[in-house]
Structure formats: C-alpha cells, structure tokens
Amino acid sequence: MYQRILIATDGSELSEKAVASGISLAVALDAEIIAFTAVPSYPSMYFEGAVVLTASEVGRIEKAWHQEAQAKVDAVQEEAHRHSVKAKAITGTGPVAESIIRAVKKYKCDLIVMASHGRKGIGRLLLGSETLDVLTHSHIPVLVLR
C-alpha cells in the first residue's frame, strides 16, 4: 500500500505521537520513513517579528536552528532503526507546509503523517495552520493525529 512515508515533526509532544504512529504504520506496511522537519528562515521584516541583527548574528541563529532541527529528525531516524525500519533524516527550509510538499515530491513519498494542534478561532487565525495548508496542497494522502 504505502512504501515511503514522510513523518513531519517539530519535536513537540503532540508531534511525538505522530512519530510513534508513523513508525508503527511503517512497521506494519514494511515501508520506508522520511523523517522531516522544516527550518524557518530568520524574519526579514518587522511585521514578521524581526529584530535588527547583524548578518553574522542572523547566521549564528539560523545555524543553531538547523542543528536543532537535525537533532529532531536524527532522533526519529534512530527510533525507526530500533524498529528495523529504513529511515532518512531530512530537513528543509522555508515555510513549513511548502517545505513538506517539496520534500514529498523530492523523495517520492506516498503518505504524510503529521500532527495537528487543533487550534480554532482566534488562535488559528493568529498562529495559522500548517496542517491545513498541507491538507489543502498535498496530492497524496495525509494522516493527521491529534
């Protein structure tokens, strides 16, 4: 059925639930896993939350974000290997939903597993919904866990 599953994680407790479910599904289906997280770019405009920093400070911050992201997907990869599941640890850059869709295409995934915080009302309006964006733009099935 599914041969390559992209598991999106942000390291949160809720996404850990998606990781566990995705690995269990991969075990059951004898599928491969692409462990994925997106690394944001430092905001460039005031309205995006930017604080004026030097280029070297921004570079240092972004490097730290990349290292944290790599550690998150490496942990998923290690967990998958403990369950004898073939896995790759991948990070992407840019907006989360767009990065997930790009990774799905690049690695030829046939299922996305991710979590949703289930925000509603003003919380969803202010914080957005990456899961909704993925659901809207994905051309493959998406398993959403809450």
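Where is lysine 108 found? Lysine 108 lies in the loop between helix 3 and strand 4. The model that places it there is predicted. Lysine 108 comes just after helix 3. Its phi is near 55°, a positive value in a residue other than glycine. Most residues other than glycine have a negative phi. Lysine 108 counts as exposed, because its relative accessibility is 64% and the cut-off for exposed is over 50%.

Serine 84 also has a positive phi, near 60°. Its place is the loop between helix 2 and strand 3. Serine 84 has a relative accessible area of 70%, and is therefore exposed.

The overall fold can now be set out. The protein chain holds 5 helices and 5 strands. From the N terminus on, the order of elements is β-α-β-α-β-α-β-α-α-β. The chain has 146 residues, of which 36% count as buried. Its exposed surface is about 8800 Å². Carbon and sulfur atoms supply 56% of that surface. Contacts between residues at least 6 apart in sequence were also examined. Among these, 73% join residues at least 24 apart.

In soluble globular proteins, nonpolar side chains tend to be buried together. In this model, the largest nonpolar core has 19 residues. Those with the most contacts inside it are Ile5, Ile7, Ile23, Ala26, Ile33, Ala80 and Val113. Six elements are listed as each supplying at least two residues: strand 1 (4-8), helix 1 (13-29), strand 2 (32-39), helix 2 (55-82), strand 3 (87-93) and strand 4 (111-115). Helix 1 gives the most, with 4 residues.

Isoleucine 7 shows how this core is joined up. Neighbours within four places in sequence are left aside here. Isoleucine 7 is then in contact with Ala18, Val19, Gly22 and Ile23, among others. Its further contacts include Ile33, Ile34, Ala35, Phe36 and Val113. A second, separate core has 17 residues. Phe36, Ile101, Met114 and Val142 are among them.

Helix 3 spans residues 96-106. Its buried residues are Ala97, Ser99, Ile100, Ile101, Ala103 and Val104. They pack against strand 1, strand 2, strand 3, strand 4 and helix 5 (130-137). Proline 95 is found in the loop between strand 3 and helix 3. Proline 95 counts as partly exposed, because its relative accessibility is 48%, and the partly exposed class lies between the cut-offs of 20% and 50%. Proline 95 and valine 39 are 56 residues apart in sequence. Their C-alpha atoms are 8.0 Å apart in space.

The second largest pocket has a volume of about 160 Å³. It is lined by 13 residues. The closest to its centre are Glu16, Val19, Ala20, Ile23 and Glu79. Helix 1 and helix 2 are the elements that give two or more residues to the lining. By type, the lining divides into 5 nonpolar, 4 polar and 4 charged residues.

Alanine 20 is found in helix 1. This residue has a relative accessible area of 43%, and so is partly exposed. Alanine 20 and isoleucine 7 are 13 residues apart in sequence. From C-alpha to C-alpha, alanine 20 and isoleucine 7 are 9.6 Å apart in space.

Note on methods: Residues are numbered from 1 along each chain as its sequence is written. This is a predicted model: local features need pLDDT of at least 70, side-chain atom pairs count only at pLDDT 80 or more; totals for chains, interfaces and linings use all residues. Side-chain values use heavy atoms; hydrogens and water are left out. A nonpolar core is a set of buried Ala, Val, Leu, Ile, Met, Phe, Trp, Tyr and Cys residues joined through side-chain atoms within 4.5 Å. Buried means under 20% relative accessible area, exposed over 50%, partly exposed in between (1.4 Å probe, protein chains only). Contact means heavy atoms within 4.5 Å. On a 1 Å grid over the protein atoms alone, a cavity is a set of points where a 1.4 Å probe fits but cannot get out, and a pocket is an open set with protein on both sides within 12 Å along at least five of seven lines; lining residues have an atom within 4 Å of a point. Grid points are joined across faces, edges and corners, and a volume is the space filled by probe spheres set on the points. Ala, Val, Leu, Ile, Met, Phe, Trp, Tyr, Cys and Pro count as nonpolar, Asp, Glu, Lys and Arg as charged, and the others, Gly among them, as polar. Accessible areas come from the Shrake-Rupley method with a 1.4 Å probe; for residues, only the protein chains shown count as cover.
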